[in-house]
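Me: I've got a model open and want to talk it through. Can you help me read it?

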Amino acid sequence: YVAVSLSAFALIAVIACSITTYRQRKRRIIRYAQVEFLGLTLSGLFLVALGSILMMVQPTAPLCTTAVWLTNYGYTMELVPLIIKVAAINRLISAAQRMKRVVLKRRKLFRTVVVIGLLVGVGLTIWTILDHPQTQKEYLLTDYVSGDGDRVVATRDYCRSNSNVWRYISVG
């Protein structure tokens, strides 16, 4: 219940931040931060929070796949715009140190985000086709003893692909 509560809190916080960002979009600080990139980052955080809620629910095969897609694509949409902006700022600073003028085009920055997002989408599609996450059972021998003197075995359902390679590719 704690994990679901934290995930729900994160989801509500992202929605509140999105509403606040939208309402404040005309302020100078938000304009300079580029509201479009803030929107991409917040949408990624929304997907991650939603995926983490789905991971806490009793897993089924469709839920497992959906949770993997939401969290992986969410992290992509959360982190890639930030990395692209930091790289652009580094390029500006480097050019300024060399007394060079640089023009950064928003369209090119967005194109990079879209291309990386498409690559992640292709990777997730390949994962889903070849070895989609399925529900697995884990059996745990507990210390509890039944009235008949038998040890109680607890079961836990979780999502997992047949190969760990996908998890390593997605997490790094």
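Here come some questions and replies on this model.

Reply: Heads-up: this is a predicted model, where local features need pLDDT of at least 70, side-chain atom pairs count only at pLDDT 80 or more, and totals for chains, interfaces and linings use all residues. Residues are numbered from 1 along each chain as its sequence is written, and side-chain values use heavy atoms, with hydrogens and water left out.

Me: Which element gives the most to the largest nonpolar core?

Reply: That core (buried Ala, Val, Leu, Ile, Met, Phe, Trp, Tyr and Cys residues joined through side-chain atoms within 4.5 Å; buried is under 20% relative accessible area, exposed over 50%, partly exposed in between, with a 1.4 Å probe and protein chains only) has eight residues: F37, L40, M77, V80, I84, A88, L109 and V113. Two or more residues each come from α3 (35-56), α4 and α5; helices are DSSP runs of H or I, at least four residues, and strands are E runs of at least two, numbered from the N terminus. With four residues, the top giver is α4.

Me: Is K105 buried or exposed?

Reply: K105 sits in the loop between α4 (61-97) and α5 (106-131). Its relative accessible area is 56%, so K105 is exposed.

Me: Which residue in β2 stands opposite L140?

Reply: β1 (residues 134-145) and β2 (residues 151-160) pair antiparallel over nine bridges, where pairing takes at least two DSSP bridges. They form a hairpin with five residues between them. Opposite L140 in β2 stands A154.
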